Amino acid sequence: MSTSNDSGPQLQYLPNKSLLLAACAACIGGTFQYGYNVSVINAPTLHVQNFINQTWRERYQTNISVDALTLLWSTIVSIFTVGGLVGVTVGGTLSVKLGRKGTLLVNNIFALTAALLMGLSYPTGLFELLVVGRFFTGVNAGIGLCVQPLYLGEIAPTAFRGAMGMGTSISITVGILSGQVIGLKEILGREEHWPILLSTTCVPAFLQLLTLPWFPESPRYLLIDKGDDKGCKKALKQLHGLAGCDGERDDIEKERNNLRDFQAKKPWELFTDRSVRWQLLTIMLLNAAQQLNGINAIYFYAEYLFTQSGIPADKIPYVTVGTGACECVTALTCGLLIDRLGRKVLITGGYVLMSICCILFTLTLSFQDASPVVPYFSMACLFAFILSFGLGPGGVTNILTTELFTQTARPAAYMIAGSLNWLSFFLIGLVFPFVVIGLQQYCFLVFLAVCSLTATYIFFVIPETKNKTFVEIQNDFKSLRHRKAHNGDGAEPTLF
């Protein structure tokens, strides 16, 4: 049993086995797919380019130009972000209409379609199928990134909401690592295997279709959105057991009473709702910073740093797998710490450490030729930056998006946050090469500014949400608004 005191619920019991299995079932076809499809496309780069050139030659009896080949390959890679943006814009709406679990199940259609199209591209000689397939993998990833955190946040008991929410970050990093491992030449990284490699996105989809139906819909969705009292009780008993379901039921009832007669909000309605102004500003800033803080730039720069450090080209994929393994360990560590240290400590500390790494990165890159040892310091900075990101911003951002909103506003908040996240992802991929050309080794000073400003905002604005109900978190933000208004007129009532 859990008990409560002034500091909130305490961790005095382990989560129900059914709850953990439900989280695993949601993750395997959810954000795991995002991480997997981000990394799996890297291994067959040269093989796919050879296929495009061969197909072009058979069609037009001439080799494709270097510029056209580069454009086609860039399109195959970047169309993923376009699909992600489409996915996240419809994910919130689907989660209201079909439910969180229902949307995750339907989402597998996109993954299966993508796997079929990409697998057929080689035998049919149609490289255009790769573009369409990658678009559908992006749609699948966008919906998963929007809906899976919703499901995990709503099925988790208050005392374990942080650890459960870290399932999103853990599944992304495990997906990235899995894509890196499957892409090794000893497995599916050889030229003749690339169509199979790209089609393996169907495996997580099948696994989720086989496992997730055994677990219930989100109890909060059943009671607050659908008014299904019986379904909510049944879901809580399965997820939390008889000992833990009553307390969670009281929490959901309290939230429903405060939201009675309220309908699920549309994204544009959040922008005009003054009661969630600071929450909306916070999740917009955090989701933009999650992409603009330099983590993706680090990945773009990693191969160059490995090469500069004297690592042979054929060994770089194995070093890359090592970075993926480090990310997984860090995400797991964050999952263990988040409900003990709190969200604010981890995310602020993560951004502070990333700021320090940016300074050290700039110095080591500036003096790269001063000593044979300096490139290895650059590599150390790279690993430290990745670990700092995984310790805080990588996992806590999604959890805060869940916690800062109540049931009626949460899907719309994820649509806004996700759209901004994908747009920032696209922007950094488009702009970063030009930033490198213009600023050279000083390019990471840009990310230093992003990380340090974000850390400052978090420290002064965001309240700690550890062991607090959604209603209590809303009241914390009401207190913030009152302080900003200097206790003037227009005070809002406290939720009970």
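Here is a short walk through one predicted model, with three things to select.

Before you click, residues are counted from 1 along each chain as its sequence is written, and side-chain values use heavy atoms, with hydrogens and water left out. Because the model is predicted, local features need pLDDT of at least 70 and side-chain atom pairs count only at pLDDT 80 or more, while totals for chains, interfaces and linings use all residues.

**Stop one: a long selection.** Pick residues 100-124, helix α5 (helices are DSSP runs of H or I, at least four residues, numbered from the N terminus). Its 25 residues reach 37 Å from first C-alpha to last, close to the 36 Å expected at 1.5 Å a residue. Next along is Gly125, with a positive phi near 70°.

**Stop two: a helix pair.** Now show α1 (17-28) with α9 (202-211): their axes sit 8 Å apart at about 145° (lines fitted to C-alpha atoms over the stretch in contact, angles running from 0 to 180 degrees between N-to-C directions). For sticks, take Ala25, Ala26 and Ile28 from α1, plus Pro204, Leu207, Gln208 and Thr211 from α9; contact means heavy atoms within 4.5 Å. That set has five nonpolar, two polar and no charged residues, with Gly counted as polar.

**Stop three: the cavity.** Select Pro149, Gly153, Arg161, Gly165, Thr168, Asn398, Ile399, Thr402 and Tyr414, which line the largest cavity (points on a 1 Å grid where a 1.4 Å probe fits but cannot get out; lining residues have an atom within 4 Å of a point). Inside is about 60 Å³ of space. Helices α6, α7 and α18 each supply at least two lining residues.

Methods. On a 1 Å grid over the protein atoms alone, a cavity is a set of points where a 1.4 Å probe fits but cannot get out, and a pocket is an open set with protein on both sides within 12 Å along at least five of seven lines; lining residues have an atom within 4 Å of a point. Grid points are joined across faces, edges and corners, and a volume is the space filled by probe spheres set on the points. The expected span of a helix is 1.5 Å times one less than its number of residues.
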